[in-house]
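Student: I would like a close look at a single part of this model. Please take the packing of one helix pair, and then place that pair in the rest of the chain.

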Amino acid sequence: NALSLPTWAVHVSSVTEWALAMKYVAGHADRTGNASWRNLTVAMSPFLASGITACTFHAFYNPASINALVPLQALLTLMGNTGCAVAAYTI
């Protein structure tokens, strides 16, 4: 179940890219003084945690002993979708 090097590159770069996007959204919130953008940054956090959860699961070769990470990742994704939808609506 080991991921190939290109697949790992995609996983790690996606998590890194998301963290950078959060930083830029927070910077935009600071520059504009619009707190709604800061709320979007907070709402993006579950997605970052979801990506880290997926990478952790794969890093240990998808063992059954940590299968609980799979529904946790799904929950974090649901929370991110809901939070970002609300935050985007308020912007």
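Tutor: A definition comes before the geometry. Axes here are lines fitted to C-alpha atoms, for helices over the stretch in contact, and angles run from 0 to 180 degrees between N-to-C directions. The model itself is predicted.

Now the pair. Helix α1 covers residues 5–32, and helix α2 covers residues 35–59. Their axes lie 9 Å apart, at an angle of about 165°. Angles over 145 degrees count as roughly antiparallel, so α1 is roughly antiparallel to α2. The crossing of α1 and α2 is left-handed. What classes of residue make up the contact of α1 with α2? It has 17 nonpolar, seven polar and two charged residues.

Take T41 as a probe of this pair. T41 sits in helix α2. Is T41 buried or exposed? Its relative accessibility is 10%. The cut-off for buried is under 20%, so T41 counts as buried. Setting aside neighbours within four places in sequence, T41 is in contact with M22, V25 and A26. Residues 5–32 form α1, so these three partners of T41 belong to the helix that packs against α2.

Two of those partners come back in the core. The largest nonpolar core has seven residues: M22, V25, L40, A43, M44, C84 and A87. Helices α1, α2 and α3 (69–90) each supply at least two of its residues. Which helix gives the most to this core? It is α2, with three residues.

C84 is a core member worth following. Leaving out residues up to four places away in sequence, C84 touches L40, A43, M44 and F47. Of these, L40, A43 and M44 are also listed in the core.

Next, look at S36. S36 is also found in helix α2. At 16% relative accessibility, S36 counts as buried. Its contacts, not counting residues up to four places away in sequence, are T90 and I91. What separates S36 from H11? They are 25 residues apart in sequence, and 29 Å apart in space, C-alpha to C-alpha.

Beyond α2 comes the loop between α2 and α3, where both Y61 and N62 are found. Phi of Y61 is near 65°, a positive value in a residue other than glycine. Phi of N62 is near 55°, again positive in a residue other than glycine. Is Y61 buried or exposed? Its relative accessibility is 54%. The cut-off for exposed is over 50%, so Y61 counts as exposed.

Now step back to the chain. How many helices and strands does it have? There are three helices and zero strands. From the N terminus on, the elements run α-α-α. The C-alpha trace spans about 45 × 25 × 15 Å along its principal axes. Buried residues make up 25% of the 91 residues; T41 and S36 are among the buried. Take contacts between residues at least 6 apart in sequence: 58% of them join residues at least 24 apart.

To return to your pair: α1 and α2 pack with axes 9 Å apart, in a left-handed crossing. The largest nonpolar core also draws at least two residues from α3.

Technical notes. Residues are numbered from 1 along each chain as its sequence is written. This is a predicted model: local features need pLDDT of at least 70, side-chain atom pairs count only at pLDDT 80 or more; totals for chains, interfaces and linings use all residues. Side-chain values use heavy atoms; hydrogens and water are left out. Helices (H or I, at least four residues) and strands (E, at least two) are DSSP runs, numbered from the N terminus. Angles under 35 degrees count as roughly parallel, over 145 as roughly antiparallel, 65 to 115 as roughly perpendicular and the rest as oblique. A crossing is left-handed if the near helix is turned anticlockwise from the far one by less than a right angle, and right-handed if clockwise. Ala, Val, Leu, Ile, Met, Phe, Trp, Tyr, Cys and Pro count as nonpolar, Asp, Glu, Lys and Arg as charged, and the others, Gly among them, as polar. Buried means under 20% relative accessible area, exposed over 50%, partly exposed in between (1.4 Å probe, protein chains only). Contact means heavy atoms within 4.5 Å. A nonpolar core is a set of buried Ala, Val, Leu, Ile, Met, Phe, Trp, Tyr and Cys residues joined through side-chain atoms within 4.5 Å.
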